[in-house]
Amino acid sequence: MYELLSAYTDWKIKAIDKVIDHIHPDILHQHDDWGNKKDLFLPPSVWRELIKPHYKRFYDHVKSRGVLIQHHNDSISGVLAEDMVELGIDMWQGVLPQDDIPGIIEKTEGKLILMGGIDMQKIDFPGADQEMVDAEVMHVIDTYMPLGSFIPCITSIFAIHKNVDDMLNQALNKYGALYAEKHF
């Protein structure tokens with residue numbers, strides 16, 4: 001398995017070099033969930049032994065090319081937050097509200113921007129209304145923004161229900177602007 005992951009990493013490095021050479025991105029958004037909403041797929045010790053070295057090699061290469069790294073991982077992974085910093089991940093997109101967001105911010109000391117925190121289970125259903133969405137967004141902004149290194153957003157790419165996406169964008173724009181007016 002280790003050799004397979006090593007060969008795959010070699011391929012990813014060649015592929016990302018072509019992207020960087022031709023497109024010149026500022027940031028790489030990499031998707032790889034390392035668990036689910038309850039736990040990691042692998043014990044942390046196994047993940048560190050089997051998975052981490054390959055990410056380290058890949059992300060070190062990407063960073064050497066001057067590209068920031070945003071890693072999507074919408075699974076309980078707070079136990080790996082310091083590993084993410086060691087890997088050179090700039091932003092963890094998809095941090096779940098079920099994870100210990102304040103604890104993760106504290107232990108990573110502002111070296112990892114967390115993106116997420118919105119509990120889609122509370123608001124992503126056909127009967128959701130703007131008031132529900134506003135309340136969740138206000139809770140997330142008021143709870144996590146004061147801690148620093150946090151950007152409120154959904155943990156996935158988009159809501160399951162289109163009307164919820166529209167309400168979320170409205171709430172994030174409105175309450176994000178109000179928070180910025182008060183604090184910046």
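## Leu4 at the start of the chain

Let us begin with Leu4, which sits in helix H1. Is this residue buried or exposed? Leu4 is exposed, because its relative accessible area is 57% and anything over 50% counts as exposed. Keep in mind as you look around that this is a predicted model.

Leu4 also gives a feeling for distances in this structure. Between Leu4 and Lys122 there are 40 Å in space, taken from C-alpha to C-alpha. Along the sequence, Leu4 and Lys122 are 118 residues apart.

## Salt bridges around Arg65

Side chains of opposite charge can pair when their charged atoms come close. How many salt bridges does a search of the whole structure find? The search gives 11 salt bridges.

A good place to look is Arg65, which pairs with Asp17 in a salt bridge whose closest N and O atoms are 2.7 Å apart. Asp17 belongs to helix H1, while Arg65 is in the loop between H3 and strand S2 (68-72), so this pair ties together parts that are 48 residues apart in sequence. Asp17 is buried because its relative accessible area is 19%, and the limit for buried is under 20%. Arg65, at 32% relative accessibility, counts as partly exposed.

Arg65 has a salt bridge with Asp21 as well, and here the closest N and O atoms are 2.5 Å apart. Asp21 is found in helix H1 and Arg65 in the loop between H3 and S2, so parts that are 44 residues apart in sequence are tied together by this pair. With 40% relative accessibility, Asp21 counts as partly exposed.

## Another link, and a network

Now move to Lys63, which forms a salt bridge with Asp90. The closest N and O atoms of Lys63 and Asp90 are 2.7 Å apart. Which parts of the chain does the pair link? Lys63 is in helix H3, and Asp90 is in the loop between helix H4 (81-87) and strand S3 (91-95), so to speak of distant parts of the chain is fair: the two are 27 residues apart. Lys63 counts as partly exposed, at 30% relative accessibility.

Salt bridges can also share partners, and in this model they join Arg48, Lys52, Asp83 and Glu86 into one network.

## Two pockets

Next, turn to the pockets. The largest pocket holds about 240 Å³ of space. Helix H1 (2-23) and helix H3 (52-64) are the elements that give two or more residues to the lining of the largest pocket. Which element gives the largest share of this lining? That is H1, with four residues. The lining has 15 residues in total, and those nearest the centre of the pocket are Leu5, Asp32, Trp34, Ile51 and Tyr55. By class, the lining of the largest pocket contains nine nonpolar, three polar and three charged residues.

The second largest pocket has a volume of about 160 Å³. Its lining is made of 15 residues, and Lys37, Leu96, Met120, Gln121 and Thr155 lie nearest its centre. Seven of the lining residues of the second largest pocket are nonpolar, four are polar and four are charged.

## A nonpolar patch on the surface

Which residues form a nonpolar patch on the surface? They are Phe41, Leu42 and Val46, and together they have about 250 Å² of accessible area.

You can find Phe41 in the loop between strand S1 (27-31) and helix H2 (44-50). Phe41 is exposed, because its relative accessible area is 54% and the cut-off for exposed is over 50%.

## Two residues with positive phi

Most residues other than glycine have a negative phi. Two places to compare with that rule are Glu109 and Ser149, each with a positive phi.

Glu109 has a phi near 50 degrees, a positive value in a residue other than glycine. Where is Glu109? Glu109 lies in the loop between helix H5 (101-108) and strand S4 (113-117). At 59% relative accessibility, Glu109 counts as exposed.

Ser149 is not a glycine either, yet its phi is positive, at about 55 degrees. The loop that holds Ser149 runs between helix H7 (130-144) and strand S5 (150-153). Ser149 is partly exposed, with a relative accessible area of 23%.

Notes
Residues are numbered from 1 along each chain as its sequence is written. This is a predicted model: local features need pLDDT of at least 70, side-chain atom pairs count only at pLDDT 80 or more; totals for chains, interfaces and linings use all residues. Side-chain values use heavy atoms; hydrogens and water are left out. On a 1 Å grid over the protein atoms alone, a cavity is a set of points where a 1.4 Å probe fits but cannot get out, and a pocket is an open set with protein on both sides within 12 Å along at least five of seven lines; lining residues have an atom within 4 Å of a point. Grid points are joined across faces, edges and corners, and a volume is the space filled by probe spheres set on the points. Ala, Val, Leu, Ile, Met, Phe, Trp, Tyr, Cys and Pro count as nonpolar, Asp, Glu, Lys and Arg as charged, and the others, Gly among them, as polar. Patches are made of residues with over 30% relative accessible area and no salt bridge: like charges are joined within 9 Å, nonpolar side chains (Val, Leu, Ile, Met, Phe, Trp, Tyr) within 5 Å. Accessible areas come from the Shrake-Rupley method with a 1.4 Å probe; for residues, only the protein chains shown count as cover. A salt bridge is a side-chain nitrogen of Lys or Arg within 4 Å of a carboxyl oxygen of Asp or Glu. Buried means under 20% relative accessible area, exposed over 50%, partly exposed in between (1.4 Å probe, protein chains only).
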